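This report walks through the packing, the cysteines and a stretch of surface in one model. Please keep the sequence and the coordinates open while reading.

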Amino acid sequence: MFKENRSAFSGFTLLGYSELPNLQGFLFMLFLSIYGGIILGNGMIIYVTVTDPALDTPMYFFLKSLSFLEICYTSVTIPKILVNLVVEDQTISFIGCAVQMYFMLLLGGTECLLLAAMAYDRYVAICHPLHYKVIMNRKLCLGFLFLSLAINVPMHVGQVYFLFTLPFCDSHEIDNLFCDIPPLLDLACADIHKSQLFVFAAAALFLVIPFCLIFSSYVKIISAILKMPSVNGRKKVFSTCSSHLTVISLFYGSAIIVYLSPRSNEITEINKLVSLFYIILVPMFNPVIYSLRNKEVKVSLGKLLSGLGRS
């Protein structure tokens with residue numbers, strides 16, 4: 001079935017913002033600048049967390065893993081977006097669309113579970129500080145990362161295969177900047193009820209369940225913070241969580257709107273805009289949020305920049 005679908009047509013057309021021909025040059029420079037900022041910002045986070053011994057802790061292990069995922073995540077979509085902004089042919093092959101979607105779902109799903117692991121790390125650090133080093137050992141941290149990949153890899157192989165065996169209508173125009181599940185389902189010429197159930201099940205596994213775990217962790221964290229007698233102590237402890245909460249709000253908020261909200265023609269443009277939050281804006285703001293709200297990262301980045309200035 002996959003081969004039959006593949007041979008039926010050469011590929012899809014990513015419409016993106018083709019209805020704004022006069023803004024293609026501006027959008028190209030905008031996305032190129034953002035992509036460069038994502039690579040530079042997240043690359044600096046990875047560098048300081050790897051080279052600074054003071055940041056050799058579970059919290060920063062997860063942070064550098066998150067930054068690496070952000071670089072990979074945006075590299076799956078933005079280069080193709082940039083190409084489509086400067087060429088007339090905005091098509092993407094059938095296989096190319098499937099591969100792009102698979103890696104986007106794989107990296108996005110891994111990030112969801114990684115954010116939940118980061119919340120658990122903060123919970124242990126604040127609610128069980130005396131046992132933190134024993135509980136959050138390197139073996140457990142690596143276990144969280146590999147478990148996330150072990151869950152995501154087979155799940156999304158099945159999901160992408162299931163989606164791309166659907167028969168598609170004569171119109172192969174995807175009203176989006178990249179290959180994503182909701183706009184692809186709009187092109188299907190078959191009953192998509194089962195496909196929608198699959199999407200909701202995947203969204204529940206990678207969005208709702210991790211979000212509930214994060215919410216549960218922060219309920220306990222906030223409860224522990226409120227019991228602290230010192231106001232300054234509360235502020236200091238909460239500051240270690242505020243950057244993580246900000247990233248969670250941006251990422252989960254936009255992803256839930258795109259994957260769990262009902263589809264209609266009226267909100268297609270809104271979903272297209274919201275999807276930019278989790279593929280572009282969250283990776284862009286991630287290093288800014290962590291560097292501005294995290295004292296240790298600011299100090300390490302300061303050392304790095306002052307060293308570059310002297311050289």
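In which helix is Leu149 found? Leu149 sits in helix α6. The model is a predicted one, and that holds for everything below.

**Surface patch**

Leu149 has a relative accessible area of 31%. Buried residues fall under 20% and exposed ones over 50%. Leu149 is therefore partly exposed. Leu149 belongs to a nonpolar patch on the surface. Its other members are Leu142, Phe146, Val153 and Val157. Together the patch residues have about 390 Å² of accessible area.

**Nonpolar cores**

Nonpolar side chains in soluble globular proteins tend to be buried together. Here the largest nonpolar core has 64 residues. Phe31, Phe62, Leu115, Ile214, Tyr252 and Ile279 have the most contacts inside this core. Helices that each supply at least two of its residues are α2 (24-51), α3 (58-86), α4 (94-127), α6 (138-164), α8 (193-226), α9 (231-260), α10 (268-293) and α11 (295-310). Which helix gives the most to this core? The answer is α4, with 13 residues.

Phe62 shows the packing in detail. Leaving aside residues up to four places away in sequence, Phe62 touches Leu114, Ala117, Met118 and Asp121. Phe62 also touches Met136, Cys141 and Phe144. Another core, of 24 residues, lies apart from the largest one. Among its residues are Leu106, Ile181, Leu187 and Val199.

**Cysteines**

How many disulfides does the structure hold? There is one. The bond joins Cys97 to Cys179, with an S to S distance of 2.1 Å. The torsion about this S-S bond is about -125 degrees, so the disulfide is left-handed. Cys97 lies in helix α4, whereas Cys179 lies in the loop between β3 (173-174) and α7 (181-185). The pair therefore ties together parts that are 82 residues apart in sequence.

Buried or exposed? The table gives relative accessibility for four cysteines.

| Residue | Relative accessibility | Class |
|---|---|---|
| Cys97 | 0% | buried |
| Cys179 | 0% | buried |
| Cys141 | 3% | buried |
| Cys212 | 44% | partly exposed |

Both partners of the disulfide are buried, Cys97 at 0% and Cys179 at 0%. Cys141, which Phe62 touches, is also buried, because its relative accessibility is 3% and the limit is under 20%. Cys212, at 44%, counts as partly exposed.

Definitions and conventions. Residues are numbered from 1 along each chain as its sequence is written. This is a predicted model: local features need pLDDT of at least 70, side-chain atom pairs count only at pLDDT 80 or more; totals for chains, interfaces and linings use all residues. Side-chain values use heavy atoms; hydrogens and water are left out. A nonpolar core is a set of buried Ala, Val, Leu, Ile, Met, Phe, Trp, Tyr and Cys residues joined through side-chain atoms within 4.5 Å. Buried means under 20% relative accessible area, exposed over 50%, partly exposed in between (1.4 Å probe, protein chains only). Helices (H or I, at least four residues) and strands (E, at least two) are DSSP runs, numbered from the N terminus. Contact means heavy atoms within 4.5 Å. A disulfide is a pair of cysteine sulfur atoms within 2.5 Å. Patches are made of residues with over 30% relative accessible area and no salt bridge: like charges are joined within 9 Å, nonpolar side chains (Val, Leu, Ile, Met, Phe, Trp, Tyr) within 5 Å. Accessible areas come from the Shrake-Rupley method with a 1.4 Å probe; for residues, only the protein chains shown count as cover. A salt bridge is a side-chain nitrogen of Lys or Arg within 4 Å of a carboxyl oxygen of Asp or Glu.
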